[in-house]
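Biologist: Please take me through this structure one question at a time. I would like the reasoning before each result.

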Amino acid sequence: MGAVREEEAEEERIQNLRSKATELLLREEFEAAAKLYAEIISLCRTNSGGKLRKVLCLAHSNRAEALARSSRFAQALIDCDEALKIECSHSKTLIRKGKILLNLNRYASAADCFRRAKKADSSDPSLDPLLERCRKLESLSKSGAVDVSGWVAAGFDAKRIPELGEYVGPVEVKLSDASNRGLFSTKAVDSGTVLVITKAVAVDRVIMPRDSGEGSQLVLWKNFVDGVEESVHKCGELNALLSTLSTGERESIPQVPKIDFFKPEAAADRLLDKPPLQRSELVSILDTNSMLEEDGNSAKVLGRNSSSDHHYRSVGLWILPSFINHSCRPNVRRTHIGDHVIVHASRDVAAGEELTFAYFDVLAPPSRRREMAADWGFECRCGRCRFEEEEVFEMMGDSAAVDRLEETMARRGLNAKEKGMLRASFWEAYEGVFTSEERKKKWRGKIPAAETVAESVAEAVGCDERMLRVLSSDSNGVERRLKIGRGIYGKIMKKSALNTLI
Ligand SMILES: C[S@@+](CC[C@H](N)C(=O)[O-])C[C@H]1O[C@@H](n2cnc3c(N)ncnc32)[C@H](O)[C@@H]1O
């Protein structure tokens with residue numbers, strides 16, 4: 001009799017804990033809810049044989065929800081599997097597990113869970129849309145084919161923001177002559193080709209007054225670092241991913257991760273037992289690899305308007321693009337859409353070529369570029385810098401000088417690529433001529449047409465908005481502008497949408 005009463009008391013205690021845990025889940029106090037579910041799990045495991053199996057299954061499933069909502073995805077998946085060991089077709093758990101996998105970009109595995117859930121309970125109306133999402137994202141992750149035309153044409157309507165997934169295109173990480181490791185193309189691709197699509201592992205945003213000083217930027221940075229530190233402690237997978245990144249120091253034996261490590265379906269195999277990153281190391285990693293969205297040289301942020309008195313700043317970390325070094329002859333740019341970044345070729349890229357961003361303005365003379373590289377903490381030794389070191393041109397830096405440059409380049413018999421690189425260095429002077437009718441008339445015949453200069457610069461150092469500015473608006477130039485537009489934004493929209501942008 002005593003034993004029965006004890007059992008009843010235990011069941012009542014579990015029941016009370018369950019009510020409290022549910023309440024905590026509803027109040028979104030996930031850490032506290034997870035602790036109560038741990039208590040329930042431990043009570044169920046030590047008591048009553050098979051009687052509490054259903055309660056145990058639900059407790060694992062609900063703890064999975066609490067853990068997933070506090071970004072502890074790996075532990076959440078373990079709980080889902082525990083629940084499914086007890087009841088293999090528990091549809092609530094299957095849907096939860098599917099959503100966690102979807103969040104981790106493991107589309108095929110997520111679809112498998114949703115399919116199993118549908119078999120167990122075909123009446124759930126959420127399953128068909130979830131399966132359709134998985135299908136679309138899986139196809140995107142294989143092809144990189146993104147079409148944001150509808151969103152662009154609708155004036156970047158927030159309701160129509162395209163859903164993007166992870167895509168790892170023809171790229172690999174290898175040792176780089178520039179510094180430690182770099183990202184390389186594995187095949188020849190033409191300008192505009194999408195190479196990587198990836199979501200930020202961490203991002204922080206603010207809208208701040210234009211005249212706000214460094215103080216507000218430091219607040220943004222501190223919040224960002226604190227947020228990443230918290231997530232790294234909770235999530236072993238994030239810790240493992242961040243541990244692959246550079247701290248900005250030259251490494252004697254740089255570790256070169258295999259590209260599969262960054263593919264969504266490989267997430268399950270990622271080493272989770274890396275030692276946790278210490279704050280100082282984490283700060284160096286974030287300092288070296290985070291991207292400020294307002295940097296702007298190689299970035300284009302679509303769909304966001306800033307006003308004259310406020311501007312938008314954000315800082316984020318995108319893992320695979322973090323392996324991309326700088327070159328003054330960059331060949332890739334990035335486009336930001338929501339938390340995703342799309343890396344695309346900004347000029348034609350040869351097979352095996354290193355992929356490089358412009359960390360700073362590469363339409364600037366060598367001396368200015370040297371200063372900007374020094375601000376970044378390195379000396380650029382790219383092919384263009386080395387070439388320009390040898391070709392010393394005393395330029396005045398105004399429009400009067402460009403004819404002299406053209407004359408000297410012709411006399412020395414420079415090839416098209418070399419001419420493009422030097423014209424890029426004196427872009428401001430060329431632009432000064434091409435955007436003034438008076439100067440254009442004055443220099444006609446002495447320097448090549450705007451199209452010739454813009455195209456040669458685009459081929460040498462990649463496409464840039466400033467090239468569109470100098471291209472005449474006559475109808476014959478439409479195809480040329482579209483080509484430059486594709487190099488700027490990537491092949492992510494149809495002609496009509498691109499036309500409205502450029
Ligand atoms: C985002 S990381 C680039 C990837 C890094 N090389 C790696 O091994 O992971 C940025 C750092 O790489 C180095 N870096 C990038 N481009 C460089 C260049 N052209 N020359 C020298 N160092 C460069 C600088 O230390 C910079 O702070």
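Modeller: The domain bounds used here come from an automatic or database domain assignment. This is a predicted model.

Biologist: From which domains does the shell around the ligand draw at least three residues each?

Modeller: The shell is the set of residues near the ligand, meaning that the C-beta atom lies within 6 Å of it. At least three such residues come from each of two stretches, 149-357 and 366-501. These are domain 2 and domain 3.

Biologist: Which elements give two or more residues to that shell, and which residues come nearest?

Modeller: There are 21 residues around the ligand, and those that come nearest are Ser179, Asn180, Arg181, Ser246 and Asn325. The elements giving two or more residues are β3 (181-185), α11 (279-289) and β9 (325-326).

Biologist: How many residues of the shell are charged?

Modeller: Sorted by class, the shell has twelve polar and eight nonpolar residues. The charged class has one.

Biologist: Why is strand β4 largely enclosed by the rest of the structure?

Modeller: A residue is buried if 20 or more other C-beta atoms lie within 10 Å of its own. Strand β4 covers residues 194-199, and it is largely enclosed because the number of its six residues that are buried is five.

Biologist: Which strand pairs with β4 over five bridges?

Modeller: Strand β1 (residues 167-168) pairs with β4 in the antiparallel sense over two bridges, with valine 168 opposite valine 196. Another antiparallel pairing places threonine 198 opposite valine 341. That pairing has five bridges, and the partner, residues 340-345, is β11.

Technical notes. Residues numbered from 1 in each chain as written. Predicted model: local features only at pLDDT ≥ 70, side-chain atom pairs only at ≥ 80, totals over all residues. Helix = DSSP H or I, 4+ residues; strand = E, 2+ residues; numbered from the N terminus. Nonpolar A, V, L, I, M, F, W, Y, C, P; charged D, E, K, R; others polar. Buried ≥ 20, exposed ≤ 12 C-beta atoms within 10 Å, placed from the backbone. Pairing = 2+ DSSP bridges.
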